[in-house]
Amino acid sequence: MDNLCGFLGIVGTGTMGQELALNVSGRGCKVIVFDQNQKQRQNLKDLGLNSVSSLANLVAALPRPRVVLIMVPAGSAVDSVVEELFTLLQDGDAVVDGGNSYFKDTQRRAAKAHDLSIYYYGAGISGGKEGARTGPAVMLGGPEEGLPLVMPILSGLAAVREKRLGFLYCGNDGVGHFVKMVHNAVEYAIMQLQAEIYLIMRDLELMKAEEIAASFATLNSGRLRSSLMSMNVAILKYQDDRQEGLLLDVVLDRAKQSGTGRWAANSALELGVPAPTLLAAVDARSLSMQGELRKSLHLQYSNISNPKIAKPNLDISDFEATLFAGIICAFAEGFSLLEAGSQRYDWTSHFSFSAICDVWNSGSILEADIMNIIGPVWGRVKKGASLLEDDQLAVTTMKTLPHARKTVTAAISAGIPIPALSASLAYFDGIRKANSGANLIQAQRDCFGAHTYQRTDREGQFHSQWQES
Ligand code: 6PG
């Protein structure tokens with residue numbers, strides 16, 4: 001572990017804040033922590049941390065220039081901490097918001113900080129509880145001038161994987177949180193794709209729990225090895241301690257969300273970036289939350305019989321290739337969103353997709369061997385290209401398609417909902433279709449709204465009287 005010299009104030013010591021405090025203090029940094037909760041303040045003292053009882057005390061205990069890391073839930077809680085901090089800090093001090101804040105909130109707070117000559121940073125921190133304690137991935141955005149103050153601490157607490165540092169300075173204002181938002185959207189997508197493969201194994205192939213666990217272990221031993229996949233392997237074997245059977249079988253099938261996935265979906269819509277797999281994953285979580293409706297409609301439609309189809313006999317190579325193709329599409333969509341965001345918000349100067357791959361592959365939830373396939377693409381394709389434009393990746397992806405079609409077709413025919421798998425395939429088919437059906441939409445828009453249309457055979461805007469009046 002690096003030995004960090006210096007002082008850090010941490011506000012908010014929920015799971016992530018507390019573990020980061022222990023991480024940083026374990027590396028020799030002098031940490032002063034403040035939590036609103038009195039019981040937690042005592043707990044922090046018991047853990048050997050210097051816990052103070054107010055923000056004012058925290059600021060007073062830090063030598064100038066100060067660095068304060070905020071680890072409170074995104075939204076109004078950040079605003080109230082920031083507002084109070086802005087009254088206590090002085091010019092030249094730095095504030096780092098390490099939560100999953102919405103990047104536009106970070107831009108707004110950074111602008112206010114700038115007026116006060118305070119350095120304001122948004123840091124996307126990934127890796128969960130374990131990562132926070134031992135070394136997370138950190139995606140930082142904020143003013144370049146204050147970097148000498150914050151970088152030693154933030155890069156010092158980050159993960160190191162195979163000599164890659166889990167720290168990346170991404171550029172100005174909200175970019176760190178934007179990169180983390182897209183990271184989370186890809187995270188949602190991969191989780192959903194994996195859950196759909198699990199569902200197919202369980203409800204279509206009628207595989208036993210041990211077979212599913214063994215299949216996921218096999219998936220985790222090849223190019224789909226990843227942190228998330230390792231978690232699946234553990235989850236799929238974990239026995240319930242209250243009764244016989246898997247704990248997973250009694251876990252409620254409702255997946256909540258805290259905001260990042262939805263914001264990414266909104267950003268994709270706002271920036272006009274097609275991201276069907278990412279959006280499907282967000283939607284699937286919303287649908288999962290409608291548990292009562294699902295139960296009642298299940299009964300109402302229980303007499304539906306799906307057309308008789310030959311047993312698909314999907315095997316591990318189908319699952320592997322289908323998942324691989326889906327994950328590649330999720331990353332392709334995510335990187336297109338990053339590209340559009342970097343253009344729209346003027347973050348291009350520090351933007352490097354291969355550096356983003358490296359940081360995502362160093363301590364983040366997305367840590368995966370597939371990053372070793374995706375990362376090098378950015379050294380081969382032209383700037384701003386789609387991930388799918390790489391010749392080498394195209395060869396690999398094409399081999400997966402027959403499997404993906406087989407799996408998706410089998411699941412849809414059997415009425416198994418697979419929104420992300422089917423969206424990823426539709427994305428792939430759509431993005432490589434030279435002649436889409438949108439000519440009809442252009443014509444319809446002109447027909448009912450005189451919006452005009454373009455032609456393939458000559459320049460200009462045209463309008464036709466499509467219907468007899
Ligand atoms: C990470 C995770 C982490 C967290 C999010 C996910 O990279 O470590 O993304 O930040 O799990 O809160 O959010 P949801 O609650 O929306 O799933």
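The centres of domain 2 and domain 3, taken over C-alpha atoms, are separated by 39 Å. The structure is a predicted model, in which local features need pLDDT of at least 70, side-chain atom pairs count only at pLDDT 80 or more, and totals for chains, interfaces and linings use all residues. Residues are numbered from 1 along each chain as its sequence is written, and side-chain values use heavy atoms, with hydrogens and water left out.

The protein chain is assigned domain 1 (7-173), domain 2 (182-431) and domain 3 (444-469). These bounds come from an automatic or database domain assignment. Domain 1 and domain 2 each supply at least three residues to the shell around the ligand.

The ligand has 13 residues around it. A residue counts as near if one of its heavy atoms lies within 4 Å of the molecule. Ser126, Glu187, Tyr188, Ser258 and Arg285 come nearest. By class, the shell holds 2 nonpolar, 8 polar and 3 charged residues. Here Asp, Glu, Lys and Arg count as charged; Ala, Val, Leu, Ile, Met, Phe, Trp, Tyr, Cys and Pro count as nonpolar; the others, Gly among them, count as polar. Helix α8 (residues 175-204) gives the most to this shell, with 5 residues. Helices (H or I, at least four residues) and strands (E, at least two) are DSSP runs, numbered from the N terminus.

Polar atoms of the protein also face the ligand's oxygen atoms. A polar side-chain atom of Asn100 lies 2.9 Å from a ligand oxygen. Polar backbone atoms of Gly127 and Gly128 are found at 3.0 Å and 3.3 Å from a ligand oxygen, respectively. The ligand has 410 Å² of accessible area on its own, and the protein covers 75% of this area (Shrake-Rupley method, 1.4 Å probe).

Two backbone features stand apart from the ligand description. Most residues other than glycine have a negative phi, and most peptide bonds are trans. Arg64 and Pro65 are joined by a cis peptide bond, with omega about -10°. Pro65 lies in the loop between α3 (55-61) and β4 (67-70). Glu162 is not a glycine, yet its phi is positive, about 45°. Glu162 sits in the loop between β8 (160-161) and β9 (164-165).

Conventions: Polar contact = N/O pair within 3.5 Å; in protein donor to acceptor, adjacent residues only side chain to side chain.
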